[in-house]
Structures are given as C-alpha cells and as structure tokens.
Amino acid sequence: MRGTVEFMSEEFFLTEKGVKVLKWERNIFYQTPGIKELFYKEKEILLANCDKTNVVLDVGCGIGTHLTLLSKYCKEAIGIDHSEAVLKNCREQVGAITNVKTFKMNAKKIEFPDDCFDRTICMFNTLGNMEDPLPVLREMCRVTKPGGKLIFSVYNSDSTEERLEFYHKTGLPDVYSDGAVIHNNRDFYSRSFTESEILKMCTGLGLELTVHKTKIARICEAVKNHQVKGYR
C-alpha cells in the first residue's frame with residue numbers, strides 16, 4: 001500500500017462520494033463527542049489568531065466551512081483545493097461573500113509568491129490524508145509572511161476508535177485501522193500523528209510551535225521566523 005495511498009486519498013476527494021462525506025462530516029447528527037470538541041476548538045483558535053488586517057490562505061478548503069467563518073473576521077480569505085467537485089460545492093456556499101476567493105490548486109505547489117499570507121491554515125486533519133505531509137507544510141510555510149502563523153490540526157494516537165465510528169457514520173463503512181492509519185485499501189487514507197512527529201516537521205522548517213490538545217487531536221500554531229524556499 002505504501003507509495004500509492006496518497007494518490008488514492010487525493011482521488012477520493014475528486015469524486016461526488018468524497019464531497020458527500022465532507023458534507024456529512026459537517027452535520028452535527030453524525031459527529032462523535034471528540035469530533036464536536038475538535039470542530040469547536042478549531043474555531044476558537046482560528047478566531048483568536050485572525051483579525052481584520054489579515055489575509056488568510058485555507059489549504060484544502062473543502063466545502064468552505066472555514067472560509068465562511070473567517071470571512072467575517074479577516075480582510076480576505078483565500079481557499080485552495082485540488083478537487084473541482086469539492087470546489088463547486090464550496091463556491092455555492094461562499095460565492096456571494098465578497099472577500100472570499102477560491103482556486104483549484106495542488107497544495108504541494110502552491111501558486112502564490114513567497115511571504116504573502118498573514119495566516120495559512122490546514123484544518124481537520126487534511127495533512128493526515130497525505131502519506132507525506134512535509135512538502136505541503138513546507139509550501140504553507142513558504143507562502144506565509146515572516147512572523148506570520150501556520151495553523152493546522154491533526155489526529156492523535158488516541159483518536160482511532162472515534163475516527164472509525166465517525167467514518168462509518170459518514171459513508172465509509174469499509175475503512176479499518178492499520179496502526180496509525182485508517183484506510184479501506186482502495187481510495188481512502190487518513191493517519192494520525194505523534195507530537196514528536198509534528199515537532200520534527202516544524203523544527204525542520206524553523207517554525208516555533210505551540211500545541212493545543214483535545215481528546216482526539218492536536219491543533220498547532222506555528223510561527224514562521226525566517227524565509228523558507230519552496231519546491232518550485
């Protein structure tokens with residue numbers, strides 16, 4: 001499975017099934033207590049870190065939940081996603097909001113200049129849908145201004161039971177646990193991270209890390225202290 005799972009998960013979110021799962025995930029009816037806590041804590045930390053002077057990039061913006069939220073509190077919110085099916089639904093939600101823009105874009109090669117965003121976010125374990133999140137994190141760092149922040153959330157190793165329950169509820173009945181990874185060996189992949197793994201990635205990029213813990217996840221604030229060259 002290694003070497004193919006990242007592609008598999010990217011393909012999943014190109015489909016209408018992937019869009020349906022994203023919509024169900026945001027429906028409180030399907031959410032477990034740990035998932036509800038994560039959504040609430042994400043919102044709390046995002047709002048504590050954004051103001052009307054900020055331009056924010058949402059990497060893997062999905063159906064636009066965080067863009068809608070941030071549009072009320074920041075100067076401009078820009079969302080990118082690699083899936084046209086997902087972006088179609090996102091644009092239906094945010095299309096009338098004047099300070100929100102969306103673009104189809106590969107998160108490993110973000111098509112914005114260095115040092116142009118005050119905040120760059122990647123929420124709800126989007127990094128965990130990738131076998132190797134480091135290239136994405138590096139690109140997020142590159143496009144963030146020195147002194148700006150990266151904010152991202154990932155599942156912890158205590159999340160497996162709730163994640164399985166949540167995925168089964170939201171249209172993925174055939175996924176199962178394989179250590180830190182939950183997948184169906186076909187088109188869905190999601191992994192958790194230890195704190196040492198997060199720290200290693202952030203330290204390697206020169207990021208100053210603060211971690212906020214919930215029952216099943218870690219929400220990370222990482223300050224960019226210097227310029228970072230991307231993979232262009």
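Partly exposed means a relative accessible area between the buried range (under 20%) and the exposed range (over 50%), with a 1.4 Å probe and protein chains only. This is a predicted model: local features need pLDDT of at least 70, side-chain atom pairs count only at pLDDT 80 or more, and totals for chains, interfaces and linings use all residues. Residues are numbered from 1 along each chain as its sequence is written, and side-chain values use heavy atoms, leaving out hydrogens and water.

**Exercise 1.** State the rule for a salt bridge and give the count.

*Solution.* Start with the rule: a side-chain nitrogen of Lys or Arg lies within 4 Å of a carboxyl oxygen of Asp or Glu. Then count: the rule yields 15 salt bridges.

**Exercise 2.** Describe the pair Glu44 and Lys41.

*Solution.* Take the contact: their side chains form a salt bridge, 2.8 Å from N to O. Next, place them: both sit in helix α3 (residues 33-48), three residues apart, about one turn of the helix. Helices are DSSP runs of H or I, at least four residues; strands are runs of E, at least two; numbering starts at the N terminus. Last, check exposure: Glu44 is partly exposed at 36%, and Lys41 is partly exposed at 23%.

**Exercise 3.** Place Arg142 and Glu139, then find their network.

*Solution.* Both belong to helix α6 (residues 134-143), three residues apart. Their salt bridge spans 2.7 Å, N to O. Both residues are buried. A network of salt bridges links them with Asp114.

**Exercise 4.** Which parts of the chain does the pair Glu221 and Lys149 link?

*Solution.* The closest N and O atoms of this salt bridge are 2.7 Å apart. The pair links distant parts: Glu221 is in strand β10 (residues 217-224) and Lys149 in strand β5 (residues 144-155), 72 residues apart. Glu221 and Lys149 are both buried.
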